Amino acid sequence: MERAYVTEAVAAAANEMHALRAERENRPGAARTFRALALARHTHASRALMLLRGRIGDTDTNLEDTLQDLRGWIDEYREGVAIAGEEGATPVEAALSQFLKTAMNHKALAEKADSLSETGLHVCRICGFVAQGNMAPERCPVCDAVREKFQTVD
C-alpha cells in the first residue's frame, strides 16, 4: 500500500503538470483529460492512505520516523547538489539546494514540534520553507518569495 500511495500521488502530480502544458499548447481536450486523470489518481492515493492509517504509530514514533526520513533526504540532497554542481546543471543544483535548506528547516521544526503549539507557522508555497512567528516574513529566506506567497497553518 505504501508503494501504491507513492505511485498514485506522483502520477497525480505528473498529470496536473501535463494538464498545464496541454493548456499552454491550446489543447483543451487533452488538458481536461489530464485533469480527470489527476483527480482519479488523487482518489487512488487517498484510498491507499486510508488503508495505511492503521499503520500510523503514536506521535513519538511518527516524529522519530519523520526525523529519520529527513536525515536521509538531507544526505541525498547534499549529494545531489554536489553532483549537479559538478555537471553544471545549474537549475537542478538550485532546486536541490532549496530542497536541502527546507529539509534542514523541517528537521529543526520536527525536533521541537511539541513546543510549537502557540507559534504561528507559515509555509512558503514556492519552496516549502516553514517560518515561525506571528506573521510570515517579508521575504522567504530560502527562495526570496514575498510574504503573500506564504500560507498560514492553523
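Here are four short exercises on the predicted model shown above, each with a worked solution.

**Exercise 1: Getting oriented**

Work out how many helices and strands the chain has, and in what order the elements run from the N terminus.

*Solution.* Start with a count: the chain holds four helices and three strands. Next, walk along the chain from the N terminus, and you will read the elements as α-α-α-α-β-β-β. To finish, put a frame around the model: along its principal axes, the C-alpha trace spans about 50 × 45 × 35 Å.

**Exercise 2: Two helix pairs**

Describe how helix 1 packs with helix 2, then do the same for helix 3 and helix 4: at what angle do the axes cross, and with which hand?

*Solution.* Step one is to find the first pair. Helix 1 covers residues 2–24 and helix 2 covers residues 28–52; their axes come within 7 Å and cross at roughly 160°. Step two is to classify the angle. Angles over 145 degrees count as roughly antiparallel, and helix 1 and helix 2 are therefore roughly antiparallel to each other. Step three is the hand, and this crossing of helix 1 and helix 2 is left-handed. Step four looks at who takes part: the contact of helix 1 with helix 2 has 15 nonpolar, five polar and six charged residues.

Now turn to the other pair. The axes of helix 3 and helix 4 (residues 90–111) come within 8 Å, and they cross at roughly 160°. By that cut-off, helix 3 and helix 4 are therefore roughly antiparallel to each other. The crossing of helix 3 and helix 4 is left-handed.

**Exercise 3: Building the sheet**

Find the strand order of the sheet, say which strands stand at the edges, and list bridge partners along strand 1.

*Solution.* Begin with the overall layout: three strands form an open sheet in the order 2-1-3, with antiparallel pairing. Strand 2 (130–132) and strand 3 (150–153) each have a single partner strand, so they are the edges, and one side of each lacks a neighbour in the sheet. On average, neighbouring strands here are turned by 30° against each other, direction ignored.

Next, take the pairings one at a time. Strand 1 (residues 121–124) is joined to strand 3 by four bridges, and the two run antiparallel. Along this pairing, L121 has V153 as its bridge partner in strand 3, while C124 stands opposite F150. On the strand 2 side, three bridges join strand 1 to strand 2, again with antiparallel strands. Here V123 stands opposite V130.

Last, look at the turn. The hairpin of strand 1 and strand 2 has five residues between the strands, and G128 takes a positive phi near 95° in this hairpin.

**Exercise 4: The largest pocket**

Identify the residues that line the largest pocket, and decide which element gives the largest share of them.

*Solution.* First, the volume: the largest pocket has about 530 Å³. Second, the lining: E2, L49, L52, R55, I56, G57, N62, D65 and D69. Third, sort these residues by class, which gives three nonpolar, two polar and four charged. Fourth, assign them to elements. Helix 2 and helix 3 (59–87) are the elements that give two or more residues to the lining. Helix 3 gives the largest share, three residues.

How values were computed: Residues numbered from 1 in each chain as written. Predicted model: local features only at pLDDT ≥ 70, side-chain atom pairs only at ≥ 80, totals over all residues. Heavy atoms only, no water. Axes fitted to C-alpha atoms, helices over the stretch in contact; angles between N-to-C directions. Parallel < 35°, antiparallel > 145°, perpendicular 65-115°, else oblique. Left-handed = near helix turned anticlockwise from the far one by under 90°. Nonpolar A, V, L, I, M, F, W, Y, C, P; charged D, E, K, R; others polar. Pairing = 2+ DSSP bridges. 1 Å grid on protein atoms, 1.4 Å probe; cavity = no way out; pocket = protein on both sides within 12 Å on 5 of 7 lines; lining within 4 Å. Points joined across faces, edges and corners; volume = space filled by probe spheres on them.
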